[in-house]
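This report introduces a structure to a reader who has not met it before. The sequence and the model are shown first, and the description follows.

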Amino acid sequence: MIEEVGTTTEGDLVINVGPQHPATHGVLHLVITLNGETIKKVEPHLGYIHRSIEKMCESLTYRQFIYVTSRMDYLSAHINNHACALCVEKGLQVEVPQRAQYIRVIMDELTRIASHELWWGAMAMDLGAFTPFFHAFRERETINTIMEETCGARLTMNYMVPGGVMFDLHPDFQKKVKAFIQQYTSKINEYDELVTGNIIFQNRMKGIGYVTKEDAISYGCTGPVARGSGVASDIRKIAPYDVYDKVEFDEVLETGGDSFARYLVRVKEMQQSIRIIEQLIDNIPEGDFQAKTKAVLKLPKGEFYQRVETARGELGVYIISEGGTTPYRIKFRSPGFSNLSILDHMVRGHKIGDLVAAMGTLDLVIPDIDR
Amino acid sequence: MFSLEGITKAIDTWLNAHFNSTVVLLAECVLVGVAAIALFAVLGLGLVWMERKVAAVMQIRLGPNRLGPKGIFQTSADTLKLIMKEGLTPDGADKFLFNLAPFIVMIVAMLVLAPISFAKNFQIWDINIGVLYVSAVSSLSVIGILMAGWSSNNKYSLLGAMRSGAQIVSYELSAGLAIISIVVLTGSLSINDIIQSQQNGWWIFKGHIPAIISFIIFIIAVTAETNRAPFDLAEAESELTAGFHTEYSGMKFALFFLAEYINIFIVCSIGATLFFGGWMPLHIGNWEAFNHIMDFIPSSIWFFGKTIFLIFLIMWFRWTFPRLRVDQLLNLEWKYLLPISLFNLLLMTVVAIMGWHF
Amino acid sequence: MFLKEYINDVLKAAKSLLTGMKVTGYYFTHRKEIITEQYPDNRATLQLAERFRGEVVMPHDENNQHACTGCSACEIACPNGTIKIINKFDIQPDGKKKKAIDTFVYHLELCTMCGLCVEACPTSAIKMANTFEHSVFNRNQLTKRLNQPGSKIREGVE
Ligand code: SF4
Ligand code: SF4
């Protein structure tokens, strides 16, 4: 049946969406086959921003390769770095000080909020509402300023190092984060009024891009995409790392499976992140922010794997070491790639406008897919 | 008291005193043409600037603020840039239609200007079927858009143009019905008569709830007809890049752009004329003193004030709402707007026959 | 009843749209919410985080002395080959030769501001400055020499 719909016949309209297109948020290239306005097939073409990061990492030492991973999923740069640091620590068998663990988790959650914030604005913009984008950036900007103060950069922070974090927190950090939480909670209603409750928005999102639980699992979807279909897939719950087992938070699950469910998952996840930060921010223990490590790191011969929950889903870092100072092989399991694979399945039979609504909720970051 | 009527009268008497009638007629034609084009340029620049400012403030930005006070000359600079740009014609395009399309859209926008009454006794052409003329001519612009979409040899353009066609044809209906409901009240199609009938209060106040409903329907329908967000499917940026004008550049693009704003101005001035009394000052029943004070404000200011208020409303929509999908757009028209406006027309007729309006 | 549902639908839709317009309307009438920063005009008041990583610099004290021993640890730590250390041998008063820095070459155009070099330096001779306006007309100007001409290593730094 799928094959029948999927084949291109004479008279179909084949259009290229991208690599330069406002809706793909990057250099993704989709070849879509249309019958009038109805989509018959979507074929993603990748590779426009492939920088062979995995290969590049093989020639960098264990300290150096972490910064490159910020350039994969640049919206959750912290979390990527965190995954790499955790994986290297696993190999080195170092114990990360409590303080560093707390700092890492707070930073991860701030990153997640910033990432979802940007997605929220971009989602509304994809559907033609421009104003939410700027409102989302107001909150995101506050996070960026907090990051800048402590980590020294706004987007690609390179703050996590094997054994802890690079510097201690900025003295103002706690105060600023609390101010941000206040600001965020005061604006959250506005978000619902402006976008979530809007009848046009709901009609555009509901019943679009339906993914069943089975499909989500068999396509390897993770993160909010899977949770929107009711698949419990939060790595922070399944395999807690750092202090995630000490904080209380709910894994947001929606059973709708459509674009609106995925939208709700992300919006609610932001509130859960706020909840995590609220629990940690006052209890950061004193102590070292970095474990003592050797100047030149050498991982023992073997294979190491670590997975974390980025803003987009499960990121896995797989290192094969031959005992040298550089990895023999690195493989990243990026969430975006698997999530993109379900796009064709999601949008068949929908209109072109729905392509945008469905693709937006996948929260694609193209450098993450291509690496 | 300042009035546009006085100026035209003075020019007319001066011309008549110095030249014979044929020359006077020709000279006045030229003057009207020049005035119309000047109005176009000013409106285009002004409205684009206004749009950008409104958008900016709603988006907690500052908007253009470099060139001139509050960035008022920014749009002129942009126009200069567009003029200097190369007007590209894509390979495989139907060159004749491709180059003709922006002019068709523009000329249609210009034609509609004729019966609009800008101030007391200040009108290019007082035609007795003014309202009918406006709705007839304004729907011609879809031909220009279809032409542009077809001739561009671009699939995005084609899709955009087809959407635009479906949209304009269907929303024409409810816009027409909303206009007719006011015509029912006044019993005349002439713009001047409609304005005169609002001597003692605007229709939106006098016509009870039916008038308010038809105003809402009118404003929704004209937003759709001018291809403005949330109905900007013809140029849906995130779906079709730029829709029907994807392949246009330079001044040809600017003409489409300008025509969009002129169309907004025209539909808003029609709206102001029908529901808010055009240039008619705010009169309340028989409060003589109040009415008298209101009369002191020049009629042109009343007209432009009301029109700009309506334009602002349309801009407000644009910067708040997401875009509809193409099937929802048609659903809205055929399942909601059309039945409601038909029912509303019936109600309005009853109101008019029974004389329930003030 | 169908009609009741229909009217309800319309009213609910209208309400949701009006709430949205209320939000934008609020921002339209409250100009103090505007957050735009007028960047080149506010240079004087611009507050940059002191840790902001904008460029690698080598601080010199008033005697034109720095703390760089020329150990090349930063060069090794840099993932991008941004730093090139060129050493020379000073003849000390007692006749011995001592390794010292001749030129610290820094390619700003290659730098990703990761801060690893600063972390690696044993004598804290380099740090990240928070300058960020790096645009120049000629690419050559981006290749910098960080130790000032005639500068020497500070006494007592090993
Ligand atoms: S900041 Fe990073 S890239 Fe720049 S010189 Fe230092 S180590 Fe190299
Ligand atoms: S800057 Fe520091 S690490 Fe680099 S050569 Fe000088 S002393 Fe060594």
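## Contacts of chain C and chain B with chain A

In this predicted model, 27 residues of chain C are in contact with 31 residues of chain A. Three residues, C:Tyr27, C:Arg51 and C:Arg53, supply 29% of the area that chain C buries against chain A, more than any other three residues. The interface of chain C and chain A holds one salt bridge. That salt bridge joins C:Lys22 to A:Glu193, with the closest N and O atoms 3.9 Å apart. Across the interface of chain C and chain A there are also 13 residue pairs in polar contact, both residues being at pLDDT 80 or more. On the side of chain C that touches chain A, two or more residues each come from helix H1 (2-29), helix H2 (73-77) and helix H3 (116-120) of chain C. H1(C) gives the most, with nine residues. By class, this side of chain C divides into 14 nonpolar, seven polar and six charged residues.

Chain B also meets chain A: 24 residues of chain B are in contact with 34 residues of chain A. Of the area that chain B buries against chain A, 22% is supplied by B:Ser238, B:Pro322 and B:Arg325, more than by any other three residues. B:Arg325 also takes part in a salt bridge with A:Asp354, where the closest N and O atoms are 2.8 Å apart. Helix H7 (155-186), helix H11 (237-240) and helix H15 (326-354) of chain B are the elements that give two or more residues to the side of chain B that touches chain A. The residues of that side divide into 11 nonpolar, five polar and eight charged.

The table sets out the buried area of each interface.

| Interface | Buried area | Share from carbon and sulfur atoms |
|---|---|---|
| Chain C and chain A | about 2300 Å² | 56% |
| Chain B and chain A | about 2600 Å² | 62% |

Chain C is divided into domain 1 (2-33) and domain 2 (55-153). The C-alpha centres of domain 1 of chain C and domain 2 of chain C lie 61 Å apart.

Two ligands remain to be described. Ligand 1 has 13 residues around it, and C:Cys78, C:Cys111, C:Cys114, C:Gly115 and C:Cys117 come nearest. The shell around ligand 1 has nine nonpolar, four polar and no charged residues. Ligand 2 is surrounded by 14 residues, the closest being C:Cys68, C:Cys71, C:Ser72, C:Cys74 and C:Cys121. The shell around ligand 2 divides into 10 nonpolar, four polar and no charged residues.

Key. Residues numbered from 1 in each chain as written. Chains lettered and ligands numbered in written order. Predicted model: local features only at pLDDT ≥ 70, side-chain atom pairs only at ≥ 80, totals over all residues. Heavy atoms only, no water. Contact = heavy atoms within 4.5 Å. Buried area = accessible area lost by both parts, 1.4 Å probe. Salt bridge = Lys/Arg side-chain N within 4 Å of Asp/Glu carboxyl O. Polar contact = N/O pair within 3.5 Å; in protein donor to acceptor, adjacent residues only side chain to side chain. Helix = DSSP H or I, 4+ residues; strand = E, 2+ residues; numbered from the N terminus. Nonpolar A, V, L, I, M, F, W, Y, C, P; charged D, E, K, R; others polar. Domains from an automatic or database assignment. Near = heavy atom within 4 Å.
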